Amino acid sequence: MRAIGLSFAAALLAMCSIQLWADAHSEVLDLLGTTASALADFNVPKFMDSFDKEMPGYDKLKESATALTNQAEVTSAIEPVKDEGDEAKRSVDLDWYMQVRSLAPDGPIVTRRQIVHCELRREGKRWKITSIAPMDFFAPAKLDR
């Protein structure tokens with residue numbers, strides 16, 4: 001009977017670990033979706049809220065996102081291709097497709113597609129992106145005709 005109790009306890013612990021991973025996975029994907037949506041909404045402060053202010057390149061990313069949203073309408077589709085880590089830290093690779101449409105009437109459209117790597121850390125109840133590469137993925141587009 002004791003063996004059954006230990007087996008049940010081990011199974012319960014494994015299920016809890018899987019549930020924590022699933023929660024962390026879905027929370028991170030929610031954050032990344034919100035981050036991409038903020039660009040589409042021309043909302044740079046909300047976009048930057050996803051990032052750790054101490055992240056190397058934070059100010060450059062903010063400048064790039066501001067310039068990008070000032071010149072274009074941005075739509076994104078992201079698909080996770082790798083998600084590793086635990087409930088405190090995650091490493092995620094995203095297949096990120098971005099369409100940058102000039103705000104000028106009949107302006108050009110630039111498409112970007114790249115694997116974007118993110119490192120994330122849980123801060124209290126929230127996740128923050130602590131690094132993102134390549135950062136120039138969010139640079140303003142060359143929209144010259």
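Two residues are in contact when heavy atoms of theirs lie within 4.5 Å. By that rule, pairs 24 or more positions apart account for 59% of the contacts in the protein chain with a separation of 6 or more. The structure is a predicted model, in which local features need a pLDDT of at least 70 and side-chain atom pairs count only at pLDDT 80 or more, while totals for chains, interfaces and linings use all residues. Residues are numbered from 1 along each chain as its sequence is written, and side-chain values use heavy atoms, with hydrogens and water left out.

How confident is the prediction? The pLDDT is the predictor's confidence in each residue, from 0 to 100. The protein chain averages 85, and 83% of the residues score at least 70. Over residues 1–21, however, the pLDDT is below 50, and this stretch has four contacts in the model beyond near neighbours in sequence. Where pLDDT is low, the predicted coordinates should not be read in detail.

The overall architecture comes next. Helices (DSSP runs of H or I, at least four residues) and strands (runs of E, at least two) are numbered from the N terminus. The protein chain holds three helices and four strands, and along the sequence they follow the pattern α-α-α-β-β-β-β. About 8600 Å² of the chain is exposed, with carbon and sulfur atoms supplying 56% of that area; accessible areas come from the Shrake-Rupley method with a 1.4 Å probe, and for residues only the protein chains shown count as cover. A residue is called buried under 20% relative accessible area, exposed over 50% and partly exposed in between (1.4 Å probe, protein chains only). Of the 145 residues in the protein chain, 34% are buried.

Which residues have the most contacts inside the largest nonpolar core? A nonpolar core is a set of buried Ala, Val, Leu, Ile, Met, Phe, Trp, Tyr and Cys residues joined through side-chain atoms within 4.5 Å. The largest one has 33 residues, and those with the most contacts inside it are Phe 47, Phe 51, Met 98, Ile 132 and Phe 138. Two or more residues of this core come from each of helix H1 (2–40), helix H2 (44–48), helix H3 (58–71), strand S1 (72–85), strand S2 (89–102), strand S3 (109–123) and strand S4 (126–133). H1 gives the largest share, seven residues. Ile 132 offers a view of the surroundings: leaving aside neighbours within four places in sequence, Ile 132 is in contact with Phe 51, Met 55, Leu 61, Val 116, His 117, Cys 118 and Phe 138.

Aromatic rings can be followed in the same way. Rings of Phe, Tyr and Trp (its six-membered ring) pair if their centres lie within 6.5 Å; planes under 30 degrees apart count as stacked, over 60 as edge-to-face and the rest as tilted. The whole structure contains five aromatic pairs. The rings of Phe 47 and Phe 51 have their centres 5.2 Å apart and their planes at 55°, so this pair is tilted. Phe 47 is buried, at a relative accessible area of 0%, and Phe 51 is buried as well, at 1%. Phe 47 also pairs with Phe 138, with ring centres 5.7 Å apart and planes at 55°, so this pair is tilted too. Here distant parts of the chain are linked: Phe 47 lies in helix H2 and Phe 138 in the segment after S4, 91 residues apart. Phe 138 is buried, at 0% relative accessibility. Ring pairs link Phe 47, Phe 51, Trp 96, Phe 137 and Phe 138 into a cluster.

Polar neighbourhoods complete the picture. A polar contact is a pair of N or O atoms within 3.5 Å; within protein, one must be able to donate a hydrogen and the other to accept it, and residues adjacent in sequence count only if both atoms are side-chain atoms. His 117, in strand S3, is partly exposed at 23% relative accessibility. The side chain of His 117 makes a polar contact of 2.5 Å with that of Asp 93 and another of 2.6 Å with that of Glu 119. Arg 90, in strand S2, is buried with a relative accessible area of 1%. A polar atom of the Arg 90 side chain lies 3.0 Å from the backbone oxygen of Gly 85.
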